[in-house]
Amino acid sequence: DKYKRKIQYLADKKIITKYFKDSAKKKILDYGFGNEIFIRLFKGKKYGFEFVKKEKYKKDFTFLENNEIKKKKFDLIILRGVIEHIPNFKEILNILTKSVKKNGFLFITATPNTSSLSFKLNNKKFNQNHPLHLVHFNHINLANYFLKKNFFNLETAFQYYETPYQNYSMDFKNLKKNKKTHPPAVGNMLTMVFKKLV
């Protein structure tokens with residue numbers, strides 16, 4: 001629901017703004033911006049890519065195609081709930097990593113994580129299995145991938161208790177039964193902050 005999602009957006013923003021100093025001078029790209037709500041929590045100049053372009057955007061928001069992203073540099077690139085949907089992942093990430101300024105940030109959040117208890121118990125019942133989730137990741141393979149692209153992993157978080165989706169009494173029972181699609185649990189979702197050092 002919209003209320004829970006807003007709470008989650010604020011929790012996600014709290015993590016990245018420990019490192020990224022948001023200001024009107026900064027350039028921010030939200031790759032896969034969806035409903036635009038998350039990027040609108042930031043003060044910086046707003047750019048975005050989405051797989052389906054709308055006819056109109058507000059004046060403070062610039063829609064970019066992949067070939068336009070290549071020509072710009074950003075202080076922060078956000079990938080919220082999107083990398084698992086990208087069919088040409090390596091090609092797109094190659095564009096995005098080159099488009100982050102030196103000492104800029106790349107923020108991945110709301111991403112399914114295969115290094116979780118739910119996935120290990122029964123990957124067929126993992127609650128993030130979805131036809132539109134084309135690739136699954138974990139914090140190890142992502143940290144290794146971005147290290148090769150000159151990004152250092154400043155923080156990795158497995159948000160659960162601080163999210164509006166947790167209900168540990170019920171989630172415990174459902175996870176222990178292991179009979180149906182696994183419930184929300186620690187480790188199911190991944191958040192990572194990367195800084196470009198070279």
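Is Lys-54 buried, partly exposed or exposed, and what is its relative accessibility? In this predicted model, Lys-54 has a relative accessibility of 43% and therefore counts as partly exposed. Its side chain meets that of Glu-36 in a salt bridge, with a distance of 2.8 Å from N to O. Because Lys-54 lies in the loop between strand E2 (45-49) and strand E3 (61-63), whereas Glu-36 lies in the loop between strand E1 (27-31) and E2, this pair ties together parts that are 18 residues apart in sequence.

Glu-36 also takes part in a second pairing, since the side chain of Arg-40 meets that of Glu-36 in a salt bridge at 3.0 Å, again from N to O. The two residues of this pair differ in their exposure: Glu-36 counts as buried, at 6% relative accessibility, whereas Arg-40, with a relative accessible area of 25%, is partly exposed. In general terms, side chains of opposite charge can pair when their charged atoms come close. A search of the whole structure finds six salt bridges.

Another of these links is found between two strands, where the side chains of Lys-101 and Asp-75 meet in a salt bridge with an N to O distance of 3.3 Å. Lys-101 lies in strand E5 (residues 100-112) and Asp-75 in strand E4 (residues 74-80), so the pair ties together parts that are 26 residues apart in sequence. Here Lys-101 counts as partly exposed, at 30% relative accessibility, while Asp-75, with a relative accessible area of 13%, is buried. Elsewhere, salt bridges that share partners join Glu-36, Arg-40, Lys-54 and Asp-60 into one network.

The strands are arranged in an open sheet of seven, which follows the order E3-E2-E1-E4-E5-E7-E6 and has mixed pairing. E3 and strand E6 (151-157) stand at the edges and have a single partner strand each, so one side of each is left without a neighbour in the sheet. On average, and with direction ignored, neighbouring strands of this sheet are turned by 20° against each other. Within the sheet, E4 and E5 run parallel and are joined by six bridges, and Arg-80 stands opposite Thr-109 in E5.

Two helices that pack on the sheet can be described next. Helix H3 (residues 89-98) packs on the sheet and touches E1, E4, E5, E6 and strand E7 (189-196), its direction making about 140° with that of E5. Helix H5 (residues 139-148) likewise packs on the sheet, where it touches E5, E6 and E7, and the direction of H5 makes about 15° with that of E7.

Strand E7 contains Thr-191, a residue that counts as buried at 2% relative accessibility. The side chain of Thr-191 makes a polar contact with the side chain of Gln-159, at a distance of 2.7 Å. When neighbours within four places in sequence are left aside, Thr-191 is in contact with Ile-15, with Phe-107, Ile-108, Thr-109 and Ala-110, and with Glu-155, Thr-156, Ala-157 and Gln-159. Among these contacts is Thr-109, the residue of E5 that stands opposite Arg-80.

How values were computed. Residues numbered from 1 in each chain as written. Predicted model: local features only at pLDDT ≥ 70, side-chain atom pairs only at ≥ 80, totals over all residues. Heavy atoms only, no water. Salt bridge = Lys/Arg side-chain N within 4 Å of Asp/Glu carboxyl O. Buried < 20%, exposed > 50% of the residue type's maximum accessible area, 1.4 Å probe, protein only. Helix = DSSP H or I, 4+ residues; strand = E, 2+ residues; numbered from the N terminus. Pairing = 2+ DSSP bridges. Axes fitted to C-alpha atoms, helices over the stretch in contact; angles between N-to-C directions. Contact = heavy atoms within 4.5 Å. Polar contact = N/O pair within 3.5 Å; in protein donor to acceptor, adjacent residues only side chain to side chain.
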